[in-house]
Amino acid sequence: RREKGGDKAKERRERARMNFFRLTGDMLHLLSIFLILWKILSTRGCGGLSFKSQLLYAIVFSTRYLDLYLTMRSAYLTTMKAFFLLSSYYILYLIRVRFRASYDSTGDSFSIWWLIVPSALVAVAVQAVTEEGQPFYDPMELCWVFSEFLEAVAILPQLFMLQKTGACETLTVHYLAALGGYRAFYIANWVYRYYVEGKKIWVSWVAGTLQTLLYSDFFYHYFRVIVLKRRETIV
(Lines give C-alpha, C1' and ligand atoms only; values in the text may rest on other atoms or scores of the structure.)
Protein backbone atom coordinates (compact mmCIF):
# COMPACT_ATOMS: atom_id res chain seq x y z
CA ARG A 1 0.00 0.00 0.00
CA ARG A 2 2.81 2.38 0.85
CA GLU A 3 4.42 1.68 -2.50
CA LYS A 4 1.15 2.31 -4.32
CA GLY A 5 0.58 5.50 -2.36
CA GLY A 6 4.14 6.64 -3.07
CA ASP A 7 3.77 5.86 -6.77
CA LYS A 8 0.53 7.83 -6.98
CA ALA A 9 2.08 10.80 -5.22
CA LYS A 10 5.04 10.64 -7.59
CA GLU A 11 2.74 10.50 -10.61
CA ARG A 12 0.74 13.46 -9.25
CA ARG A 13 3.91 15.52 -8.80
CA GLU A 14 5.08 14.62 -12.30
CA ARG A 15 1.73 15.65 -13.82
CA ALA A 16 1.85 18.94 -11.91
CA ARG A 17 5.42 19.55 -13.05
CA MET A 18 4.61 18.91 -16.75
CA ASN A 19 1.24 20.65 -16.93
CA PHE A 20 -0.48 22.51 -19.78
CA PHE A 21 0.82 25.92 -18.69
CA ARG A 22 4.45 24.82 -18.54
CA LEU A 23 4.31 22.97 -21.86
CA THR A 24 2.65 25.95 -23.55
CA GLY A 25 5.29 28.24 -22.06
CA ASP A 26 8.04 25.95 -23.32
CA MET A 27 6.54 25.89 -26.83
CA LEU A 28 6.32 29.70 -26.89
CA HIS A 29 9.93 29.88 -25.73
CA LEU A 30 10.95 27.53 -28.55
CA LEU A 31 8.90 29.60 -30.99
CA SER A 32 10.71 32.77 -29.94
CA ILE A 33 14.08 31.14 -30.66
CA PHE A 34 12.93 29.84 -34.05
CA LEU A 35 11.55 33.27 -34.95
CA ILE A 36 14.80 35.07 -34.22
CA LEU A 37 16.81 32.42 -36.08
CA TRP A 38 14.41 32.63 -39.02
CA LYS A 39 14.73 36.40 -39.10
CA ILE A 40 18.53 36.33 -39.08
CA LEU A 41 19.00 33.48 -41.55
CA SER A 42 16.23 34.45 -43.99
CA THR A 43 17.28 38.10 -44.21
CA ARG A 44 20.98 37.30 -43.82
CA GLY A 45 21.25 40.09 -41.31
CA CYS A 46 20.53 41.06 -37.72
CA GLY A 47 19.18 44.58 -38.15
CA GLY A 48 17.01 45.68 -35.23
CA LEU A 49 18.26 42.93 -32.91
CA SER A 50 20.09 43.67 -29.69
CA PHE A 51 23.27 41.66 -29.26
CA LYS A 52 23.32 42.73 -25.61
CA SER A 53 19.92 41.18 -24.88
CA GLN A 54 21.04 37.95 -26.54
CA LEU A 55 24.25 38.02 -24.52
CA LEU A 56 22.24 38.38 -21.31
CA TYR A 57 20.08 35.39 -22.28
CA ALA A 58 23.24 33.36 -22.93
CA ILE A 59 24.43 34.28 -19.42
CA VAL A 60 21.00 33.35 -18.03
CA PHE A 61 21.05 29.86 -19.56
CA SER A 62 24.72 29.31 -18.71
CA THR A 63 24.15 30.03 -15.02
CA ARG A 64 20.75 28.35 -14.76
CA TYR A 65 21.57 25.07 -16.45
CA LEU A 66 24.73 24.16 -14.55
CA ASP A 67 22.98 20.97 -13.48
CA LEU A 68 22.96 19.92 -17.14
CA TYR A 69 26.57 18.83 -16.65
CA LEU A 70 25.89 16.99 -13.40
CA THR A 71 22.49 15.28 -13.52
CA MET A 72 19.91 14.13 -16.06
CA ARG A 73 16.36 14.39 -14.77
CA SER A 74 14.55 13.51 -17.99
CA ALA A 75 15.18 13.40 -21.72
CA TYR A 76 12.71 16.26 -22.21
CA LEU A 77 14.37 18.63 -19.75
CA THR A 78 17.88 17.74 -20.88
CA THR A 79 17.00 18.30 -24.54
CA MET A 80 15.29 21.63 -23.85
CA LYS A 81 18.14 22.90 -21.68
CA ALA A 82 20.76 21.89 -24.24
CA PHE A 83 18.79 23.53 -27.05
CA PHE A 84 18.32 26.85 -25.25
CA LEU A 85 21.96 26.91 -24.19
CA LEU A 86 23.41 26.06 -27.61
CA SER A 87 20.98 28.21 -29.59
CA SER A 88 21.78 31.25 -27.43
CA TYR A 89 25.47 31.01 -28.31
CA TYR A 90 24.66 30.30 -31.96
CA ILE A 91 22.63 33.52 -32.10
CA LEU A 92 25.57 35.43 -30.60
CA TYR A 93 27.80 33.96 -33.29
CA LEU A 94 25.37 34.98 -36.05
CA ILE A 95 25.11 38.56 -34.81
CA ARG A 96 28.74 39.26 -33.96
CA VAL A 97 30.57 37.09 -36.47
CA ARG A 98 28.64 35.86 -39.48
CA PHE A 99 26.42 38.93 -40.01
CA ARG A 100 28.36 41.49 -38.02
CA ALA A 101 28.18 44.03 -40.87
CA SER A 102 24.43 44.42 -40.30
CA TYR A 103 24.66 44.79 -36.51
CA ASP A 104 23.73 48.25 -35.24
CA SER A 105 26.16 48.77 -32.37
CA THR A 106 25.21 52.46 -32.13
CA GLY A 107 21.55 51.69 -31.52
CA ASP A 108 22.40 48.86 -29.13
CA SER A 109 23.85 51.19 -26.52
CA PHE A 110 22.18 50.04 -23.29
CA SER A 111 24.76 49.32 -20.56
CA ILE A 112 24.10 45.75 -19.43
CA TRP A 113 26.11 46.22 -16.23
CA TRP A 114 23.11 48.12 -14.86
CA LEU A 115 21.26 44.80 -15.12
CA ILE A 116 23.97 42.26 -14.28
CA VAL A 117 25.25 43.87 -11.07
CA PRO A 118 21.81 44.44 -9.42
CA SER A 119 20.75 40.89 -10.35
CA ALA A 120 23.91 39.53 -8.73
CA LEU A 121 23.36 41.64 -5.60
CA VAL A 122 19.75 40.46 -5.31
CA ALA A 123 20.90 36.84 -5.66
CA VAL A 124 23.45 37.32 -2.86
CA ALA A 125 20.82 38.99 -0.68
CA VAL A 126 18.33 36.15 -1.26
CA GLN A 127 20.96 33.56 -0.33
CA ALA A 128 22.06 35.53 2.74
CA VAL A 129 19.19 34.30 4.92
CA THR A 130 18.82 30.77 6.28
CA GLU A 131 16.67 29.27 8.99
CA GLU A 132 19.38 30.10 11.52
CA GLY A 133 19.64 33.67 10.24
CA GLN A 134 23.21 33.10 9.04
CA PRO A 135 24.38 33.52 5.44
CA PHE A 136 24.78 30.32 3.46
CA TYR A 137 25.88 30.34 -0.15
CA ASP A 138 25.23 27.36 -2.37
CA PRO A 139 26.95 28.13 -5.72
CA MET A 140 24.30 26.28 -7.77
CA GLU A 141 21.43 27.97 -5.97
CA LEU A 142 23.14 31.35 -6.15
CA CYS A 143 23.55 31.03 -9.91
CA TRP A 144 19.92 29.93 -10.32
CA VAL A 145 18.56 32.92 -8.37
CA PHE A 146 20.85 35.23 -10.34
CA SER A 147 19.57 33.78 -13.63
CA GLU A 148 15.93 34.24 -12.60
CA PHE A 149 16.31 37.95 -11.89
CA LEU A 150 18.62 38.57 -14.84
CA GLU A 151 16.13 36.94 -17.21
CA ALA A 152 13.42 39.27 -15.89
CA VAL A 153 15.30 42.30 -17.23
CA ALA A 154 17.31 40.78 -20.11
CA ILE A 155 14.85 42.10 -22.71
CA LEU A 156 15.41 45.74 -21.72
CA PRO A 157 18.33 46.38 -24.13
CA GLN A 158 16.14 45.08 -26.99
CA LEU A 159 13.18 47.29 -26.01
CA PHE A 160 15.50 50.25 -25.52
CA MET A 161 17.04 49.67 -28.95
CA LEU A 162 13.65 49.51 -30.67
CA GLN A 163 12.51 52.73 -29.02
CA LYS A 164 15.78 54.46 -29.85
CA THR A 165 16.03 53.45 -33.51
CA GLY A 166 12.32 53.16 -34.36
CA ALA A 167 13.13 50.04 -36.43
CA CYS A 168 10.45 47.52 -35.56
CA GLU A 169 10.23 44.61 -38.00
CA THR A 170 7.32 42.15 -37.91
CA LEU A 171 9.41 39.09 -37.00
CA THR A 172 11.12 41.01 -34.20
CA VAL A 173 7.74 42.01 -32.80
CA HIS A 174 6.43 38.44 -32.93
CA TYR A 175 9.65 37.25 -31.29
CA LEU A 176 9.09 39.64 -28.39
CA ALA A 177 5.43 38.57 -28.10
CA ALA A 178 6.36 34.87 -27.95
CA LEU A 179 9.07 35.57 -25.38
CA GLY A 180 6.69 37.56 -23.18
CA GLY A 181 3.97 34.93 -23.56
CA TYR A 182 6.35 32.19 -22.46
CA ARG A 183 6.97 33.90 -19.14
CA ALA A 184 3.27 34.69 -18.60
CA PHE A 185 2.40 31.00 -18.98
CA TYR A 186 5.20 30.08 -16.58
CA ILE A 187 3.58 32.28 -13.94
CA ALA A 188 0.34 30.31 -14.47
CA ASN A 189 2.43 27.13 -14.17
CA TRP A 190 3.83 28.20 -10.79
CA VAL A 191 0.35 29.12 -9.50
CA TYR A 192 -1.00 25.76 -10.69
CA ARG A 193 1.83 23.85 -9.02
CA TYR A 194 1.24 25.75 -5.80
CA TYR A 195 -2.39 24.62 -5.67
CA VAL A 196 -1.63 21.04 -6.78
CA GLU A 197 1.69 20.39 -5.01
CA GLY A 198 1.74 23.17 -2.46
CA LYS A 199 5.10 24.13 -3.95
CA LYS A 200 6.11 27.78 -3.55
CA ILE A 201 8.93 29.16 -5.69
CA TRP A 202 8.72 32.77 -4.64
CA VAL A 203 11.91 33.80 -6.45
CA SER A 204 10.38 32.69 -9.76
CA TRP A 205 7.08 34.35 -8.86
CA VAL A 206 8.70 37.70 -8.18
CA ALA A 207 11.08 37.58 -11.17
CA GLY A 208 8.39 36.31 -13.53
CA THR A 209 5.90 38.96 -12.43
CA LEU A 210 8.54 41.67 -12.91
CA GLN A 211 9.32 40.39 -16.40
CA THR A 212 5.64 40.26 -17.37
CA LEU A 213 5.10 43.81 -16.09
CA LEU A 214 7.96 45.00 -18.29
CA TYR A 215 6.09 43.53 -21.24
CA SER A 216 2.68 44.97 -20.28
CA ASP A 217 2.96 48.14 -22.38
CA PHE A 218 4.34 46.15 -25.31
CA PHE A 219 1.46 43.62 -25.15
CA TYR A 220 -1.09 46.44 -25.00
CA HIS A 221 0.19 48.00 -28.21
CA TYR A 222 0.84 44.57 -29.80
CA PHE A 223 -2.83 43.68 -29.34
CA ARG A 224 -4.00 46.99 -30.75
CA VAL A 225 -1.72 46.88 -33.80
CA ILE A 226 -1.64 43.17 -34.67
CA VAL A 227 -5.14 42.11 -33.60
CA LEU A 228 -7.18 45.29 -33.90
CA LYS A 229 -5.17 46.59 -36.88
CA ARG A 230 -4.74 50.03 -35.36
CA ARG A 231 -2.23 52.44 -36.92
CA GLU A 232 0.27 53.13 -34.14
CA THR A 233 3.76 52.08 -33.04
CA ILE A 234 4.20 49.00 -30.89
CA VAL A 235 7.23 50.22 -28.94
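α3 and α7 are roughly antiparallel to each other (angles over 145 degrees count as such, under 35 as roughly parallel, 65 to 115 as roughly perpendicular, the rest as oblique). This is a predicted model, in which local features need pLDDT of at least 70 and side-chain atom pairs count only at pLDDT 80 or more, while totals for chains, interfaces and linings use all residues. Residues are numbered from 1 along each chain as its sequence is written, and side-chain values use heavy atoms, with hydrogens and water left out.

**Stop 1: α3 and α7**

Select α3 (51–64) and helix α7 (residues 156–165). Helices here are DSSP runs of H or I with at least four residues, numbered from the N terminus. The two pack at an angle of about 170 degrees, with their axes 7 Å apart. Axes are lines fitted to C-alpha atoms over the stretch in contact, and angles run from 0 to 180 degrees between N-to-C directions. Now show the side chains of Lys-52, Ser-53 and Leu-56 on α3, and of Leu-156, Pro-157 and Gln-158 on α7; these make the contact (heavy atoms within 4.5 Å). By class, that is three nonpolar, two polar and one charged. Nonpolar covers Ala, Val, Leu, Ile, Met, Phe, Trp, Tyr, Cys and Pro; charged covers Asp, Glu, Lys and Arg; the others, Gly among them, are polar.

**Stop 2: α3 and α8**

Keep α3 and add α8 (170–197). Their packing angle is about 30 degrees, with the axes 15 Å apart. That makes α3 roughly parallel to α8. The crossing is left-handed: the near helix is turned anticlockwise from the far one by less than a right angle, where clockwise would be right-handed. Pick Gln-54, Tyr-57 and Arg-64 in α3; they meet Tyr-175, Leu-179, Tyr-182 and Arg-183 in α8. This contact has four nonpolar, one polar and two charged residues.

**Stop 3: Leu-28**

Next, select Leu-28, in helix α2. Which residues does Leu-28 contact, leaving aside its neighbours within four places in sequence? They are Ala-178, Gly-181, Tyr-182 and Phe-185. Draw a C-alpha to C-alpha distance from Leu-28 to Tyr-182: it reads 5.1 Å, across 154 residues of sequence.

**Stop 4: the largest cavity**

Turn on cavities. On a 1 Å grid over the protein atoms alone, a cavity is a set of points where a 1.4 Å probe fits but cannot get out. The structure holds two of 30 Å³ or more. The largest cavity has about 60 Å³ of space; a volume is the space filled by probe spheres set on the points, which are joined across faces, edges and corners. Select its lining (residues with an atom within 4 Å of a point): His-29, Ile-33, Gln-54, Tyr-57, Phe-61, Ser-88, Ile-91, Tyr-175 and Leu-179. Colour by helix: α2, α3, α4 and α8 each supply at least two of the lining residues. α3 gives the most, with three. Colour by class: six are nonpolar, three polar and none charged.

**Stop 5: the largest pocket**

A pocket is an open set of points with protein on both sides within 12 Å along at least five of seven lines. The largest pocket has a volume of about 1,100 Å³. Of its 36 lining residues, Arg-22, Arg-64, Arg-73, Lys-81 and Trp-144 are the closest to its centre. Which helix supplies the largest share of the lining? α8 does, with six residues. Among the others that supply at least two each are α1 (2–17), α4 (75–98) and α9 (202–227). The lining divides into 17 nonpolar, six polar and 13 charged residues.

**Stop 6: α5 and α6**

Finish on helix α5 (residues 113–127) and helix α6 (residues 139–153), which pack at about 140 degrees with axes 8 Å apart. That makes α5 oblique to α6. The crossing is right-handed. Show the contact residues, including Leu-115, Ile-116 and Val-122 of α5, and Phe-146, Phe-149 and Leu-150 of α6. In full, this contact counts 13 nonpolar, two polar and one charged.
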